[in-house]
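Here are my notes on the model, in the order I'd walk through them with you. Have the sequence and the coordinates open as you read.

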Amino acid sequence: MMGSCMFTFVFVCWWLFAVYSWLPQTARPADAEQHLRQARALFDQRRFAEAAVAARLAREADPVQIAAWKLSGLALQLSQQLPQAEQEFTAALQRFPSDADLWFYLARVQYLQGSLKPAETSARRALQLQPGHADAHAQLGMTYDALQNYTAALKHYRRAIELNQQQRRPQTLPLIYAGQLLSKLGRFAEALEYLSQAAIINPHSSEIRLSRGRALEKLGRVAEAEREYQQAAALDGNPQAIGNLERLRAGAVAGRATTLSSSITPIRFRNIAAQAHVDFALRNHASGRKYQVETMTGGVAVIDYDNDGWMDIYFVNGAQLPEMKKTSPQFWNRLYRNNRDGTFSDVTEQAGVAGEGYGMGAAVGDYDNDGDQDLFVAGVNRNILFRNDGHAFSDVTERAGLTGIDPQRGKMWSVAAAWLDYDNDGDTDLFVVNYCKWRPEIDPYCGAMKEGWRTYCFPDRYEGLPNQLFRNNGDGTFTDVSAESGISKHIGKGMGVAIADADDDGFIDVFVANDTLPNFLFRNNGRGGFEEIAFTACVAVNDYGKPVSSMGVDFRDYDNEGRPDLIVSALEGETFPVFRNLGKGFFTDETYSSGLGLETVKRSGWGLGIFDFNNDGFKDLFTVNAHVNDNIELYNQQTYRQPNSIFANLKNGTFADMSQAAGPDFQTRQAHRGCAFADFNNDGKIDVVTTSLNEPAELFINDSTNEHHWLMIRLIGARSNRDGLGAKIKLTTASGAVQFNQATTSVGYASSSDSRVHFGLGKEKVVRSLEVRWSSGTVQVLREVAVDRILTIKEAATR
């Protein structure tokens, strides 16, 4: 959630060990000499925290010994005490202001904390003092890379490489980063040149071999790529290399040709929340104490609770802290009924859904197959199952067995949930995503020790949790099958969840977006169990082997190839990863080749959804944006409140940012969190509702003006679950164009969207065929289907 470091720990250690070995050996007083000798020994044993203490004793005994200051700062850095390391280097520079190495070290630790402008200043100072400082050039290149000034970054990477060659220093870091940046920019031949030089210096690095393999594959040199992946796997069992090897051997090659799109159909939105009487504001009870839960609430759900065919809205809300109780109506969850005239009415009290505890997310599904959509609320200290009787709701959590209380861990912090029929028995089961072990009294202090500078902590300060799977018993109760299904043996920090049949075997799979840890892809084995295959499938981490701050996710076919793809939101500087489904259980990272890499690197995203907003026949991407920390501007040039984004699908595997043209209401900056998608006015265009911390909700009506046609499908299961969740639909138009979609409500971050399945049709006026593959295995085909309507399809009683 807080953003990952810009390079892997192994490179940091390697570089700093190299730097450490050059620290000057000068005469010292006896005590200082003894302490420094002890500090060096501890450092060599990687006991960095103890090394920092010994080095500090050495520089206290002899304050003019610069080697002790440097070793103390480096040891603090490697023991992850970054603020203390910055203080140490800053204090050292007061004594030694002309030491270029110290300025370089300071730049490095500032960079690691995301303080990019200070890091730039410090690296530049190092180069003023020593223009030939290769490491300072590399550091400045990394800083410009993070600031998205790619021209300057390449310039300094190349200068670092040149200086290392002149000085006969066999350093791979600037070569690797130059190669990775050139790969991002699609300049694979140049990238391969640098990566090949790095491989000569260090032929035993699996990461270098992996990067070389990716560049070769993008260049179409598949046989050579396969050899690189083989070597990477042989070196240390690199899981990404193994996944790529299996993908290539299955015949799923990442490269593909694209053609340019002739035009982009505009997408426009208008915020009607005020006039529609949707007056909800998400209250997190934020304080200077920075309780971790404050920044993460914000789910919203679309639900047709009164079954009138018009989508209603349910907002999840926070509670008073640290008690985590809804002590006043400002903390109530809220239900707004669609009045079918462009307005909504707050029916929270009469529906009985104000809720309890500190809420996070919501999931909608008809778990008892009675025709009324039910509601599950995920929370920090309370999960709730609201059963819908058609007019109001009742809390049946205890009776249903969905309290979320684990025998060993107690109530786990739940963020999101997904309804799915994982065993295809006709009853919807429940998958619950859990984040980390947290209680108000154990929140550590993070950030600078200055008034107003305290921040929400990085996820590594907390222990992760397993997710949970509850099987529907068909009698209103559920059984926790987390252990026997294999789900609970994997510990993560889950934020978002999405479901789809990734490998087209007839069983629903589950993707979990993990915060700063590798993502999970749980493959359904069809026998009641799941196998976690994210590394093998190449969706655990990004193309550079790094997990990102994964938050929201949608699992949907964006390129009309018939396979569900994945798009994940993350923090500024990380990009929003795009994993295209190649079939046969494999994906490829298309983040930069899709155009979304460069477009999203300056955004921090939460909720998102892949829908056809301009009804041109290709699904676009909507993201709600804001940073995690409300005081991030104190630390760097990132911004807390951000406008939302809309990326139009160019029909060639790439996207274009259309946010500026989406209307004046769309430019509003807020602390966005959740979003849900539905056609609220039943006009055939997908609308969006969003939440923001302590700010008004937005209800974006799709005002895109075009003559494009559409079709919305409402499924009613018979042998399958009543909502038809998991059903796959193939649509073929009169011209032969084919689209694919599936029924799901689990979309984005902690939110739930319309279960109806939407297709944009462009100029097509007739659907030649519509094939529905229900989770029961039943296949129905409708022919010559009229468009521009909401079509209800009931599952046939027999196959």
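1. Ground rules for the sheets: two strands pair if DSSP finds at least two bridges between them. Helices (H or I, at least four residues) and strands (E, at least two) are DSSP runs, numbered from the N terminus. This is a predicted model, where local features need pLDDT of at least 70 and side-chain atom pairs count only at pLDDT 80 or more, while totals for chains, interfaces and linings use all residues. Residues are numbered from 1 along each chain as its sequence is written, and side-chain values use heavy atoms, with hydrogens and water left out.

2. Start with the open sheet of 4 strands, in the order β22-β23-β24-β25, where the pairing is antiparallel. At its edges are β22 (553-556) and β25 (586-589), and each of them pairs on one side only. On average, neighbouring strands here are turned by 20° against each other, direction ignored. (For angles in general, axes are lines fitted to C-alpha atoms, for helices over the stretch in contact, and angles run from 0 to 180 degrees between N-to-C directions.)

3. Within that sheet, β24 (residues 578-583) runs antiparallel to β25, and 4 bridges join the two. If you want a register check, Phe 579 has Asp 589 in β25 as its bridge partner.

4. The other sheet to look at is also open, with 3 strands in the order β36-β33-β39 and mixed pairing. β36 (757-762) and β39 (789-794) each have a single partner strand, so one side of each has no neighbour in the sheet. The twist from one strand to the next averages 25°.

5. Strand β33 (residues 709-716) pairs with β39 in the parallel sense, over 6 bridges. Here Ile 716 stands opposite Lys 794 in β39. As a reminder, strands of a sheet pair through backbone hydrogen bonds, either parallel or antiparallel.

6. On to helix packing. Helix α3 (residues 48-61) packs on helix α4 (residues 66-78) at an angle of about 160°, with the axes 8 Å apart. That angle makes α3 roughly antiparallel to α4; the cut-offs are under 35 degrees for roughly parallel, over 145 for roughly antiparallel, 65 to 115 for roughly perpendicular, and oblique for the rest. The crossing of α3 and α4 is left-handed, meaning that the near helix is turned anticlockwise from the far one by less than a right angle (right-handed if clockwise).

7. Who touches whom in that pair? Contact means heavy atoms within 4.5 Å. On the α3 side the residues include Phe 48, Ala 51 and Arg 59, and they meet α4 residues including Trp 69, Leu 71 and Leu 78. Sorted by class, the contact of α3 with α4 has 11 nonpolar, 1 polar and 2 charged residues. (Ala, Val, Leu, Ile, Met, Phe, Trp, Tyr, Cys and Pro count as nonpolar, Asp, Glu, Lys and Arg as charged, and the others, Gly among them, as polar.)

8. Arg 59 turns up again in a salt bridge with Glu 88, with the closest N and O atoms 2.9 Å apart. Arg 59 sits in helix α3 and Glu 88 in helix α5 (residues 82-95), so this pair ties together parts that are 29 residues apart in sequence. The structure holds 41 salt bridges, counted as a side-chain nitrogen of Lys or Arg within 4 Å of a carboxyl oxygen of Asp or Glu.

9. Helix α13 (residues 222-236) and helix α14 (residues 239-249) cross at roughly 145°, and their axes come within 8 Å. This crossing is left-handed too. The contact involves, among others, Val 222, Glu 226 and Tyr 229 of α13 and Ile 242, Leu 245 and Arg 249 of α14. The class split for α13 with α14 is 8 nonpolar, 2 polar and 3 charged residues.

10. Helix α8 (residues 134-146) and helix α10 (residues 173-184) pack at about 25°, with axes 10 Å apart. That makes α8 roughly parallel to α10. Ala 138, Met 142 and Asp 145 in α8 meet α10 residues including Tyr 177 and Lys 184. This contact divides into 6 nonpolar, no polar and 2 charged residues.

11. Finally, two backbone spots to check. Leu 321 and Pro 322 are joined by a cis peptide bond, with omega about 5°, and Pro 322 is in the loop between β3 (312-315) and β4 (334-338). Asp 504 is not a glycine, yet has a positive phi of about 60°; Asp 504 lies in the loop between β18 (494-500) and β19 (509-514).
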